Amino acid sequence: MIKKKSVTLAGAAFFAVPAAAILAAGPAMAASGSGVLVSNTETIQAYLNASGKVDVARVYEQVAMEGRGTVNLANPVETKGLRNLDGFGGFEVKGGQMVGSYTVDGEKRLRSVSDYTKRLPLEVDVKYFMDGKQVQPGDVVGKNGNLKVQYTVRNVTGKPQEVSFNDGTGKTTTATADVVIPMVGSLTTVLPSNFTDVRSDEANMAGDGHGGTKMSFTMTLFGPIGKPEATFGYEARVSDGVVPKASISALPVSPLDSPSFKGGAESYKGGAETGATLTAGATEIDSNLLKLRDGAGDLLAGLIKLRDGANQLHDGLAGQAAPGAAKLAAGAGDLKNGTGQLRDGAAKAKDGSSQVAGGATQVAGGAAQLDDGAGQLLDGLTTAGQKAPQLLDGLAQVADGLDLLDAGLVKLHGGIGELPTKAQPLHDGIAQLRAGIGDKGQANTLIDGVDQIRAGLAAATADKGSLDQLKAGVDASKAGVDASKAGVDKSKIGVDQSKGGVDQSKGGVDQVLQGLQAALAPGGDIDQAKAAINSISATCGVGNVVCQGTVAAVASGVEAKLRNSTGQASDGLTQVSGGLGAVSGGLSQVSGGLSQVSGGLGQVSDGLGLVSPGLAQLKSKLGDAVVGLVKVECGLSNQTLTGLCDPKRPGLLEGLGALDGGVTLLVNGVVDQVQSGVGGDTDTKEDGTLRGGVHSLQGGVDQIGAGGVTLLDGLYQLGGGAAMLKDGTSQLAGGSAQLADGAKQLDSGLGDLSSGAGQLDDGAGQLKDGANKLSTGLGDAANGSTQLADGLDQAASGAPKIKDGAQQLSDQGTKKLIEAGKSTAADYGQKYALIEAGAKRAKAEGMAYGAPAGAAGQTAYSFELAGDDGEGGRNVGRGLGAAVVFALAAGAAMLRRRVV
């Protein structure tokens with residue numbers, strides 16, 4: 001058995017030369033200090049039994065030198081069993097290196113073989129199943145049935161190592177991974193013709209030209225492009241079964257430099273970069289979504305403040321301004337009613353004063369006529385008194401007319417008897433006139449009314465009087481109304497600005513809504529995002545179904561979340577847009593109401609502006625009226641205003657008193673004395689009456705003379721009464737003249753008062769109209785503020801949906817997209833880091849022993865799996881025969897060299 005191995009290995013060394021020549025065709029580097037290019041190839045050949053266990057392994061070294069010059073070579077080698085394959089001479093070995101100085105002129109090669117003492121980078125395990133039952137390789141020989149062969153090849157160069165990579169967020173992270181030296185290889189075997197119905201999911205199959213089936217299995221024994229372990233095999237129907245031989249060729253490879261794997265490595269790098277880009281983009285989207293969420297929170301806070309302000313505006317308008325305006329309108333109405341009453345009263349007072357003035361003028365005229373009549377009566381009585389003696393002298397002449405006289409006396413007695421009755425209306429008129437004139441403190445009297453009017457007008461015209469207070473109040477009201485108008489105008493500006501802000505907010509919300517709807521539309525941002533994510537599948541590589549399915553699932557999940565969240569955000573924004581539209585309409589109504597309020601306040605201000613100068617004129621006129629009323633009051637009675645009225649100049653009341661006394665005295669004196677003087681029907685001269693005298697005269701002239709004397713006395717008394725009557729009528733004429741003058745002044749002052757009251761009433765009417773418009777406008781403003789508050793409530797209730805939708809879109813969409821991107825970037829980044837680490841190991845540890853300094857070097861591995869066809873005994877005999885032949889040939893060669 002040992003001889004068999006030696007002979008076989010010796011032959012294999014020569015068959016390995018073509019493979020070494022192929023490896024030597026790689027790039028070479030100049031040895032240090034020389035113009036010679038040096039390359040080194042190592043071929044490790046291992047022989048395995050049919051189950052994959054290593055029987056023996058050798059390392060074949062070839063150093064190729066090309067150029068001209070001298071090379072001082074130091075090549076690391078395995079020194080155990082080191083032999084020269086180009087001759088019988090050995091090599092100088094120092095410190096595990098084959099050393100020597102070589103002169104090269106063209107080409108020069110050095111070949112050696114030695115025992116391989118290190119651990120092979122690959123392990124091979126082969127299992128055999130006959131009709132579904134695992135068997136040993138020898139049990140297959142000569143059997144018929146279904147044969148299944150399963151090969152497992154493992155890359156056992158792995159060792160834990162920390163690798164660094166981008167975690168998808170721009171930060172570098174590390175992980176510990178099992179890094180292998182990247183190995184690629186292939187297994188080839190030829191199945192004989194008695195293997196039929198050959199099946200394999202992994203092999204490339206072709207005929208061998210002799211009825212057999214040639215199979216080749218490709219292995220990429222490193223991750224993530226492949227796996228450190230590969231399992232593959234075949235099944236076939238066999239008759240008279242055998243175990244076919246198999247060969248494995250493998251070599252280390254740098255995936256970053258190899259044309260076959262460079263594209264795959266770059267795809268992992270691109271996947272990591274795409275994942276990082278996706279993460280960055282999704283992070284930016286998520287950040288913008290969070291800004292949208294925060295902006296929606298700010299919008300909600302602003303809407304809540306705006307809603308609270310609208311509620312406060314509503315409370316102020318509906319709870320204070322509108323009721324205040326209603327009270328102002330009611331007060332203005334009351335003021336209008338009062339000014340109307342004042343105007344009517346002033347007009348009536350003016351009419352009354354005109355009547356008083358007319359009556360006083362008539363009284364003055366009557367008093368003058370009465371005074372003239374009293375004067376004429378006095379003159380007549382005086383004349384009668386003066387002519388009474390002539391009467392006595394002419395009694396004789398009268399005697400004829402005594403009958404007539406008696407009849408006249410009868411009539412005189414009756415007429416004189418009727419005098420008190422006829423004088424009574426004069427008494428009653430005087431009493432009524434005196435009662436109407438009255439006194440201060442007596443209600444419903446002329447003096448008291450004039451005094452109250454005078455006092456009221458005096459108080460009104462005094463400093464800080466009611467008119468001044470009223471004027472100050474009117475001026476203050478005008479200032480307040482102007483301030484209110486300015487405030488309303490400012491409020492209107494604020495409302496218009498609020499409406500502009502709401503319209504802008506609605507425009508912004510509509511733009512966001514349009515953006516969301518555009519994102520939802522076919523070919524929109526969501527479809528583009530899905531397409532962008534799906535484009536990542538291009539980096540998965542052809543046939544990588546798992547990667548492509550993962551990308552497609554991520555794209556579908558992201559699309560669903562984006563559409564759901566975007567749809568909810570769109571619905572919330574639609575409600576917000578409607579609420580903002582209602583807010584804008586409410587603000588428009590508020591603005592219109594405030595415009596009406598401003599116009600009403602402007603009219604109120606204009607009305608108050610007319611009232612104020614009217615009050616100033618009224619005060620001036622009332623001052624004049626006070627002076628006139630003082631004269632009127634003094635003309636009515638000189639006792640009403642002490643210190644202001646001339647006590648020597650009696651008033652109407654004093655004149656009426658004197659007149660009443662004079663009339664009484666006159667009537668009483670005339671009636672009593674005249675009637676007593678006239679006498680009755682039965683009077684005689686003893687009765688001492690005129691008729692008694694007439695009767696006596698009729699009886700005798702003496703008696704007539706006595707009656708004439710008595711008549712003369714009566715005439716004297718009547719003249720005294722007439723004189724008193726003349727004095728009273730003179731006083732009455734003087735007082736009535738004063739009364740007429742005062743009444744005229746009163747009439748003039750009340751005319752001014754009526755004019756001022758008319759202006760005041762007009763201003764109060766404008767104030768009432770303006771106050772009513774203010775009340776109506778503030779009512780509309782209150783209604784508008786209610787709509788504003790309701791619209792803002794709707795907007796405030798819709799705004800959280802934007803925030804929630806943005807948060808949901810962030811939580812269920814972009815954050816998962818970020819995680820997917822991070823996961824993709826980290827996964828691909830780690831895999832690319834493994835590729836980089838493996839590439840570094842391939843460059844640093846790819847050769848089993850290493851190349852000379854400055855030389856290019858490569859290592860190839862060849863594994864020969866032994867077959868079993870049942871001819872093992874025959875092979876042993878053949879091996880011994882070959883050994884004998886080889887020994888004889890060697891002895892002949894030695895003999896020849898000695899002879900030479």
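## Warm-up in strand 6

Leu 73 has Gly 100 as its bridge partner in strand 6. Before you dig in: the model is predicted, with local features needing pLDDT of at least 70 and side-chain atom pairs counting only at pLDDT 80 or more, while totals for chains, interfaces and linings use all residues. Residues are numbered from 1 along each chain as its sequence is written, and side-chain values use heavy atoms, leaving out hydrogens and water.

**Exercise 1.** Work out which strands pair with strand 6, and in what sense.

*Solution.*
- Step 1: get the terms straight. Helices (H or I, at least four residues) and strands (E, at least two) are DSSP runs numbered from the N terminus, and two strands pair if DSSP finds at least two bridges between them.
- Step 2: take strand 3 (residues 54–76), which pairs with strand 6 (residues 97–115) in the antiparallel sense over 19 bridges.
- Step 3: add strand 4 (residues 83–84), antiparallel to strand 6 over 2 bridges. Here Asn 84 faces Ser 112 of strand 6.
- Step 4: add strand 5 (residues 92–94), joined to strand 6 by 3 bridges and also antiparallel. Val 93 is bridged to Met 98 in strand 6.
- Step 5: check the turn. The hairpin of strands 5 and 6 leaves 2 residues between the strands, and Gly 95 takes a positive phi near 55° there.

**Exercise 2.** Lay out the open sheet of 5 strands, then find its edges.

*Solution.*
- Step 1: write down the order, which is 8-7-9-16-13, with antiparallel pairing.
- Step 2: pick the edges. Strand 8 (133–135) and strand 13 (195–199) each pair on one side only.
- Step 3: note the twist, which averages 30° from one strand to the next. Axes are lines fitted to C-alpha atoms (for helices, over the stretch in contact), with angles from 0 to 180 degrees between N-to-C directions.
- Step 4: zoom in on one edge. Strand 13 meets strand 16 (residues 229–238) in antiparallel pairing over 3 bridges, and Arg 199 has Glu 235 of strand 16 as its bridge partner.

**Exercise 3.** Hunt for unusual backbone geometry around strands 13 and 16.

*Solution.*
- Step 1: recall the baseline. Most residues other than glycine have a negative phi, and most peptide bonds are trans.
- Step 2: in strand 13, look at Asp 197. Its phi is positive, near 50°. At 48% relative accessibility, Asp 197 is partly exposed; the cut-offs are under 20% relative accessible area for buried, over 50% for exposed and in between for partly exposed, with a 1.4 Å probe and protein chains only.
- Step 3: move to Asp 240, whose phi is positive too, near 55°. Asp 240 sits in the loop between strand 16 and strand 17 (246–252).
- Step 4: check omega. Gly 223 and Pro 224 are joined by a cis peptide bond, with omega about 5°. Pro 224 belongs to the loop between strand 15 (213–220) and strand 16.

**Exercise 4.** Which residues have the most contacts inside the largest nonpolar core?

*Solution.*
- Step 1: define the core as a set of buried Ala, Val, Leu, Ile, Met, Phe, Trp, Tyr and Cys residues joined through side-chain atoms within 4.5 Å.
- Step 2: read off the leaders. Of 44 residues in the largest core, Tyr 116, Tyr 151, Phe 195, Tyr 861 and Leu 865 have the most contacts inside it.
- Step 3: list partners of Phe 195. Skipping neighbours within four places in sequence, its contacts (heavy atoms within 4.5 Å) include Leu 147, Tyr 234 and Val 242.
- Step 4: don't miss the other core, which lies apart and has 13 residues, among them Val 71 and Ala 855.

**Exercise 5.** Is Asn 155 buried or exposed?

*Solution.*
- Step 1: place Asn 155 in strand 9 (residues 145–155).
- Step 2: use its relative accessible area of 6%, which means Asn 155 is buried.
- Step 3: look for a polar partner. The side chains of Asn 155 and Thr 157 make a polar contact of 2.6 Å. That term covers N or O atom pairs within 3.5 Å; within protein, one atom must be able to donate a hydrogen and the other to accept it, and residues adjacent in sequence count only if both atoms are side-chain atoms.

**Exercise 6.** What is the handedness of the disulfide between Cys 634 and Cys 645?

*Solution.*
- Step 1: find the pair. Cys 634 and Cys 645 have sulfur atoms 1.9 Å apart, and the cut-off for a disulfide is cysteine sulfur atoms within 2.5 Å.
- Step 2: take the S-S torsion of Cys 634 and Cys 645, about -85°, so the disulfide is left-handed.
- Step 3: check burial: both Cys 634 and Cys 645 are buried.
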